[in-house]
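Got your viewer open? Here is a short guided tour of what to select next and what you will find there.

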Amino acid sequence: TNGNRNLVANLDYYDAVGENSAIATIFPNPASDKLTVTSNNAISQLNIYNVSGAMVYSQSECGYKAVISLDSLPVGVYSIQVTTDNGIETRRFVKK
């Protein structure tokens with residue numbers, strides 16, 4: 001064998017402002033001071049990652065709505081991963 005292994009990762013991103021999806025609604029996008037995440041199912045985990053893939057925020061057991069302060073995050077593009085009993089969804093948002 002040549003020792004090379006290929007890894008394919010499929011991530012679904014939803015960029016529309018306030019777009020409803022199977023897992024969660026995230027608004028506003030872009031956001032300046034707070035980001036709100038709502039779901040019809042209890043949110044067990046929220047993780048926010050910067051463009052380098054480093055986790056910059058994490059919260060567990062959020063209930064059906066989480067309001068996240070973005071004050072400590074620099075302006076830029078982030079990914080938010082929302083986990084519920086219905087699954088895991090990764091969405092992109094902009095901090096302005």
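## First stop: the core

Select Val37, Leu46, Ile80 and Val82: of the 18 residues in the largest nonpolar core, these touch the most other members. A nonpolar core here is a set of buried Ala, Val, Leu, Ile, Met, Phe, Trp, Tyr and Cys residues joined through side-chain atoms within 4.5 Å. Buried means under 20% relative accessible area, exposed means over 50%, and partly exposed is in between, using a 1.4 Å probe and protein chains only. Now colour strand 2 (34-49), strand 3 (55-69) and strand 4 (76-84), each of which supplies at least two residues of this core. Strand 2 gives the largest share, 5 residues. Strands, like helices, are DSSP runs numbered from the N terminus (strands are E, at least two residues; helices are H or I, at least four). As a general rule, nonpolar side chains in soluble globular proteins tend to be buried together.

Before going on, a word on what you are looking at. This is a predicted model, in which local features need pLDDT of at least 70 and side-chain atom pairs count only at pLDDT 80 or more, while totals for chains, interfaces and linings use all residues. Residues are numbered from 1 along each chain as its sequence is written, and side-chain values use heavy atoms, with hydrogens and water left out.

Stay in the core and click Leu46. What does Leu46 touch, not counting residues up to four places away in sequence? Its contacts (heavy atoms within 4.5 Å) are Val37, Tyr57, Ser58, Gln59, Cys62, Ala66, Ile68, Ile80, Gln81 and Val82.

## Zoom out: the whole chain

Switch to a cartoon view. How many helices and strands does the chain have? There are 0 helices and 5 strands, so to speak β-β-β-β-β from the N terminus on. Buried residues make up 31% of the 96 residues in the chain. Take the contacts with a separation of 6 or more: residues 24 or more positions apart account for 53% of them. Turn on the surface, and about 6,000 Å² is exposed, with carbon and sulfur atoms supplying 47% of it. Accessible areas come from the Shrake-Rupley method with a 1.4 Å probe, and for residues only the protein chains shown count as cover.

## Next stop: the strand pairings

Select strand 4 and strand 5 (residues 87-95), which run antiparallel and are joined by 9 bridges. Two strands pair if DSSP finds at least two bridges between them. The two form a hairpin, with 2 residues between them. Within this pairing, Ile80 stands opposite Arg91 in strand 5.

Now pick Thr83, which is found in strand 4. Is Thr83 buried or exposed? Thr83 counts as buried because its relative accessibility is 17%. The bridge partner of Thr83 in strand 5 is Ile88. Leaving aside residues up to four places away in sequence, Thr83 touches Ala42, Ile43, Ser44, Gln45 and Ile88.

Add strand 2 to your selection. Strand 2 and strand 4 pair in the antiparallel sense over 6 bridges. To see one facing pair, show Asn47, which stands opposite Gln81 in strand 4.

## A charged pair

Show the side chains of Glu89 and Arg91. They meet in a salt bridge, at 3.3 Å from N to O. The rule asks for a side-chain nitrogen of Lys or Arg within 4 Å of a carboxyl oxygen of Asp or Glu, and by this rule the count comes to 1 salt bridge. Both Glu89 and Arg91 are buried. In general, side chains of opposite charge can pair when their charged atoms come close.

## Out to the surface

Select Val51, Val77 and Val94, which form a nonpolar patch on the surface with about 240 Å² of accessible area together. Patches are made of residues with over 30% relative accessible area and no salt bridge; like charges are joined within 9 Å, and nonpolar side chains (Val, Leu, Ile, Met, Phe, Trp, Tyr) within 5 Å. Val77 sits in strand 4 and counts as partly exposed because its relative accessibility is 36%.

## Last stop: the backbone

Turn the side chains off and look at the peptide bonds. A cis peptide bond joins Phe27 and Pro28, with omega about -10 degrees. Pro28 lies in the loop between strand 1 (25-27) and strand 2. Move along to Asn29 and Pro30: the peptide bond from Asn29 to Pro30 is cis, with omega near 10 degrees. Pro30 is found in the loop between strand 1 and strand 2.

Finish at Glu61 in strand 3. Phi of Glu61 is near 50 degrees, a positive value in a residue other than glycine. Glu61 counts as exposed, because its relative accessibility is 65%.
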